[in-house]
Amino acid sequence: MKYIAEIPVRLGSKRVPKKNLRLINGKPMVAYAIEAAKNSKFIDKVYINSEAEIMRKLCDDYGIDFYKRRPELAEDNSTQDEFNYDFLCNIETENLVLINPVSPLVLPEDIDNAILYYEEHQLDSLISVREEKLQSFFKGKPLNLSIDGPLPMTQNLIPIQLCAWTVCIWNAKKFKEHYEKNNYAVFVGNYGLYPFDPIRSIKVSSEEDFILAELYLKSKLQDKSEKIEYYE
């Protein structure tokens with residue numbers, strides 16, 4: 001199979017307990033990633049990768065496959081490199097597409113566009129990023145501006161790129177080979193940073209994130225044909 005989707009689900013979240021199963025706008029949060037993957041034009045098969053048996057029933061309910069992760073790969077210190085490698089050692093595919101279950105605003109077309117970008121640029125790995133045009137510092141040092149002069153306008157800044165992990169793609173063969181040689185492989189080979197929609201890359205890591213994501217899911221975008229009025 002050319003593209004298999006993996007939705008990694010671990011129930012041991014400390015900040016938002018069992019957040020992947022928590023209802024958000026009437027559905028378990030993980031259901032949004034499942035539905036996006038199932039409706040992608042390019043995904044051949046969808047798996048939940050989890051240590052929790054409760055996920056097997058959810059997979060049955062949504063008509064997808066379950067991959068039972070070993071408990072030691074579901075600890076707080078388990079890495080993406082480790083559980084991806086374990087998955088790829090047991091599930092055959094040309095390319096692995098990771099869809100983050102804590103990004104409930106992702107759409108099928110987001111996955112498809114990422115795959116098209118991956119193919120067009122002949123990448124070995126694609127990491128989704130959120131771009132921000134903000135004056136930025138790291139450890140007190142400026143990243144995208146000079147402090148020896150006037151403050152640059154935000155629209156003229158080179159955007160910083162924050163790893164969003166909403167959708168990521170890897171060449172399965174190269175990932176496995178690199179991991180076996182180096183014990184890591186997320187940024188394997190010719191990697192690309194794929195700019196993702198800042199709203200749809202919202203990641204639920206706290207109660208505040210959960211509330212924000214649910215508000216977006218409940219709201220409807222304003223009809224662009226509708227007249228916009230201003231205070232006069």
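These legends accompany several close-up views of a predicted model.

**View 1. Tyr85 and Tyr179 stack on one another.** In this close-up, the two tyrosines form a stacked aromatic pair, with 4.4 Å from centre to centre and 20 degrees between the planes. Tyr85 belongs to helix α3 (residues 80–90) and Tyr179 to helix α5 (residues 172–182), so the pair ties together parts that are 94 residues apart in sequence. Tyr179 has a relative accessibility of 12%, and because buried means under 20%, it counts as buried.

**View 2. Helices α3 and α5 cross at roughly 120 degrees.** Stepping back from the tyrosine pair, we can follow the two helices that carry it. Their axes come within 10 Å of one another, and the angle makes α3 oblique to α5. The crossing of α3 past α5 is left-handed. On the α3 side, the contact is made by Asp81, Glu82, Asn84, Tyr85, Leu88 and Cys89. Facing them from α5 are Ala172, Phe175, Lys176, Tyr179 and Glu180. Readers coming from the previous view will recognise Tyr85 and Tyr179 in this list.

**View 3. Trp165 meets Phe187 edge-to-face.** Here the ring centres are 6.2 Å apart, and the planes make an angle of 65 degrees. Trp165 sits in strand β10 (residues 160–171), while Phe187 is in the loop between α5 and β11 (191–195). The pair thus links distant parts of the chain, 22 residues apart. Are these two residues buried, exposed or partly exposed? Trp165, at 22% relative accessibility, counts as partly exposed. Phe187 is also partly exposed, with a relative accessible area of 40%.

**View 4. Three rings gather in an aromatic cluster.** The members of this cluster are Tyr47, Tyr67 and Phe87. For the wider picture, the model has nine aromatic pairs.

**View 5. Two arginines place their charged ends over phenylalanine rings.** Which ring lies under the charged end of Arg22? The ring is that of Phe210, and the charged end of Arg22 is 3.9 Å from its centre. In the other example, the charged end of Arg69 sits over the ring of Phe83, at 4.3 Å from the ring centre.

**View 6. Ile99 and Thr166 are in contact.** Ile99 is in strand β6 (residues 95–99), and Thr166 is in strand β10. The two residues are 67 apart in sequence, yet their C-alpha atoms are 6.0 Å apart in space. Ile99 is buried, with a relative accessible area of 0%, and Thr166 is buried with a value of 0% as well. Besides Thr166, Ile99 touches Ala5, Glu6, Ile7, Pro8, Ala33, Ala37, Val106 and Ile111, leaving aside residues up to four places away in sequence. With the same exclusion, the residues that Thr166 touches are Leu98, Ile99, Asn100, Ser103, Val106, Ser128, Phe196, Arg200 and Ser201. Val106 is among the contacts of Ile99 and also among those of Thr166. For contrast, the C-alpha atoms of Thr166 and Asn77, 89 residues apart in sequence, are 20 Å apart.

**View 7. Helix α1 is largely enclosed by the rest of the structure.** How many of the ten residues of this helix (residues 29–38) are buried? Eight of them are, so the helix is largely enclosed. The buried residues are Met29, Val30, Ala31, Tyr32, Ala33, Ile34, Ala36 and Ala37. Two of these names, Ala33 and Ala37, also appear among the contacts of Ile99.

**View 8. Asn25 and Lys139 have positive phi angles.** Neither residue is a glycine, and the phi angle is about 55 degrees for Asn25 and about 55 degrees for Lys139. Asn25 lies in the loop between β2 (23–24) and β3 (27–28), and Lys139 in the loop between β8 (137–138) and β9 (141–142). Asn25 counts as partly exposed at 33% relative accessibility, whereas Lys139 is exposed, with a relative accessible area of 74%.

**View 9. Ser219 follows helix α6.** This residue is found in the segment after α6 (207–218). At 40% relative accessibility, Ser219 counts as partly exposed. Between the C-alpha atoms of Ser219 and Leu157 there are 31 Å, with 62 residues separating the two along the chain.

Note on methods: Residues are numbered from 1 along each chain as its sequence is written. This is a predicted model: local features need pLDDT of at least 70, side-chain atom pairs count only at pLDDT 80 or more; totals for chains, interfaces and linings use all residues. Side-chain values use heavy atoms; hydrogens and water are left out. Rings of Phe, Tyr and Trp (its six-membered ring) pair if their centres lie within 6.5 Å; planes under 30 degrees apart count as stacked, over 60 as edge-to-face and the rest as tilted. Helices (H or I, at least four residues) and strands (E, at least two) are DSSP runs, numbered from the N terminus. Buried means under 20% relative accessible area, exposed over 50%, partly exposed in between (1.4 Å probe, protein chains only). A charge sits over a ring if NZ of Lys or CZ of Arg is within 6 Å of the ring centre and within 35 degrees of the ring normal. Axes are lines fitted to C-alpha atoms, for helices over the stretch in contact, and angles run from 0 to 180 degrees between N-to-C directions. Angles under 35 degrees count as roughly parallel, over 145 as roughly antiparallel, 65 to 115 as roughly perpendicular and the rest as oblique. A crossing is left-handed if the near helix is turned anticlockwise from the far one by less than a right angle, and right-handed if clockwise. Contact means heavy atoms within 4.5 Å.
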